[in-house]
Amino acid sequence: MNYVSVENIGKSYGMLQLFSGVSFGINQGQKVGFVAKNGSGKTTLLRILAGKESADEGQVNFRKSLKVGFLDQEPDLAPNLTVEETIFASDNEVLQVIRDYEKALQNPEDAEAYQDAFEKMDSLQAWDFETQYQQILSKLKLTDLNKKVGKLSGGQKKRLALANLILGKPDLLILDEPTNHLDLEMIEWLESFFASENLTLFMVTHDRYFLERVCNHIVELDEGIIYNYKGNYSYYLEKRDQRLETEAVETSKAKQLYKKELTWMRRQPKARTTKSKARIGDFGDIKERAHKRRKDHEVELEINMERMGTKVVELHQIGKSFDEKQLFNQYSYNFKRGERIGIIGKNGTGKTTFLHILTGNLEPDTGKVVHGETIKFGYYTQGGIKPKEGQKVIDVIREFGEYIPLQKGRKISAQQLLERFLFDRKKQYDFVEKLSGGERKRLYLCTILIQNPNFLILDEPTNDLDIVTLNVLENFLLDFPGCLIVVSHDRYFMDKIVDHLFVFGEGEQGISDFPGNYSDYREYKAEIDALPKEKPETQPQKTETKSEKKKDSNSNLSYNEQKEFKKLEREIAELEKKKESLQKSFLEELEAEQIKENSIKLEKTNQQIEEKTERWFELSAQLEE
């Protein structure tokens with residue numbers, strides 16, 4: 001059953017055309033993920049579907065009496081109402097039925113009105129509405145029903161808007177970045193809810209696990225053309241790659257044909273015959289196909305990172321409390337060069353406070369932080385870029401200089417740098433306030449990286465970035481040689497980038513160190529939760545840590561050591577491949593500078609192999625005991 005038909009809609013703002021001629025349909029039961037690059041008008045299209053904006057051309061046809069619910073990126077809620085009052089102030093059909101029933105009770109002489117109200121209460125299951133909304137609010141961790149909306153955090157407001165949306169039971173849910181501002185626990189609950197419920201969804205999200213596990217249909221807007229994929233995110237990636245390969249082959253054939261036709265056209269043929277006329281007429285089309293270029297220029301994030309010394313950052317017994325709440329206490333850690341750490345934990349466990357202490361923006365209550373002399377932080381915060389009034393994109397970058405230094409003594413202009421960050425020359429002279437949310441994030445990221453940090457901290461870097469930019473950012477971060485800390489609710493991003501976690505709100509010190517990525521951690525937690533709860537034995541002396549409790553019955557290694565053992569095997573294999581590749585490179589004709597670089601890399605690789613192999617033997621010996 002067709003719910004919505006979108007027919008040739010277009011939208012422009014002044015001279016900027018977001019999209020034109022866009023057509024697609026949404027059917028009952030489909031869970032559609034909408035994918036497009038930043039600046040393509042994703043949010044605008046969603047607002048047109050939700051009736052919040054109108055299209056300049058074309059039309060959107062809804063099935064008669066279709067009930068549509070819309071979750072905006074920034075929900076518009078009355079700040080003076082409480083959480084519970086917000087639920088009752090919504091235009092929920094059930095609430096109107098309850099009001100009609102209460103009115104009928106006050107007028108018992110009108111038997112017909114009472115019977116009608118009673119039947120509607122039954123059909124909408126309105127008798128249990130209070131229980132329903134309290135259960136949903138509880139699931140979304142909104143337990144203080146009397147708290148004013150104005151005092152809620154961004155994440156709490158998003159959850160309250162979600163609760164209202166779910167309680168309204170619309171036929172079609174339109175969601176704009178539903179996972180933004182939610183912690184990992186909430187994202188996983190929402191993912192499970194949407195995946196299991198018989199709902200019809202149309203949503204934009206950068207969370208690729210969410211797309212994978214919830215959606216059964218992907219609609220992509222690419223270069224102004226709509227493509228439909230009847231499957232989840234993995235299916236979409238596979239079919240999209242096939243489509244791009246086919247397009248590349250067709251463009252190659254068109255170029256060959258163009259060369260042939262160009263030679264013929266240069267002879268200045270006269271259109272004497274019908275065939276000649278048709279051939280001349282077709283030349284323009286062939287030329288257009290041959291010169292078709294995709295705007296997939298990759299962001300080249302090449303920076304001149306400051307050299308990092310042996311001392312990076314040392315945390316000595318640090319502790320911090322707010323309002324008598326102990327966030328962490330007596331926590332010590334020495335960061336090593338090249339570490340890639342993910343930070344996870346529920347809201348309010350001190351993640352942002354920890355980062356401010358780490359960078360020196362906040363003093364700990366106890367303990368001290370020692371920074372290495374060569375450490376230069378690059379701190380990407382959730383606050384984002386704060387442009388001056390009337391400031392253009394190019395002006396933001398020129399504040400750091402007309403020319404930006406790169407590796408090996410090279411430099412590029414501010415304009416060239418912006419082009420590498422996917423801002424063409426025309427876009428560079430746009431006002432910053434006209435940029436989309438994702439474009440602003442990309443510009444902000446550019447300003448952080450051009451300052452050449454060697455210790456990079458990214459606090460929710462994936463919010464509002466399109467999937468294309470996310471893939472490029474991931475590839476850059478995988479090659480980033482400095483230290484990296486990532487706070488993110490994007491599980492796909494975390495799994496790809498980090499190799500161990502700081503878990504806030506766990507352990508005696510308020511922070512525990514887990515060796516593995518986010519999926520490893522979830523798997524470990526699921527195994528722990530599945531274990532039967534045993535009564536603690538009265539044992540003097542040693543208290544086992546969480547990681548030590550999880551031991552393999554056939555192994556002398558703790559759970560953490562088993563993880564490390566498996567990880568070392570993978571890393572040694574990868575280093576051996578890298579070593580072999582470097583050795584082969586010396587058989588090619590290389591310049592003296594390249595030979596020197598490869599020699600240094602080979603020496604470093606050999607050293608890493610030795611260190612990791614030695615540790616592997618240590619753990620292997622424990623296994624055999």
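**Exercise 1.** How many residues does helix H15 have, and what does the helix reach from its first C-alpha to its last?

*Solution.* The model is predicted, so local features need pLDDT of at least 70 and side-chain atom pairs count only at pLDDT 80 or more, while totals for chains, interfaces and linings use all residues. Residues are numbered from 1 along each chain as its sequence is written, and side-chain values use heavy atoms, with hydrogens and water left out. Helix H15 (a DSSP run of H or I, at least four residues, numbered from the N terminus) covers residues 437–449, has 13 residues and reaches 19 Å, close to the 18 Å expected at 1.5 Å a residue, where the expected span is 1.5 Å times one less than the number of residues.

**Exercise 2.** Determine why H15 is described as largely enclosed, and name elements that cover its buried residues.

*Solution.* Taking buried as under 20% relative accessible area (1.4 Å probe, protein chains only), 11 of the 13 residues of H15 are buried, so the helix is largely enclosed by the rest of the structure. Among them are Lys441, Arg442 and Tyr444. The cover includes strand S14 (377–380; strands are DSSP runs of E, at least two residues), helix H13 (414–420) and H16, with contact meaning heavy atoms within 4.5 Å.

**Exercise 3.** Describe the span of H16 and identify buried residues in this helix.

*Solution.* Helix H16 (residues 467–479) has 13 residues and reaches 19 Å from its first C-alpha to its last. Its buried residues include Ile467, Leu470, Glu474 and Phe476.

How values were computed. Buried < 20%, exposed > 50% of the residue type's maximum accessible area, 1.4 Å probe, protein only.
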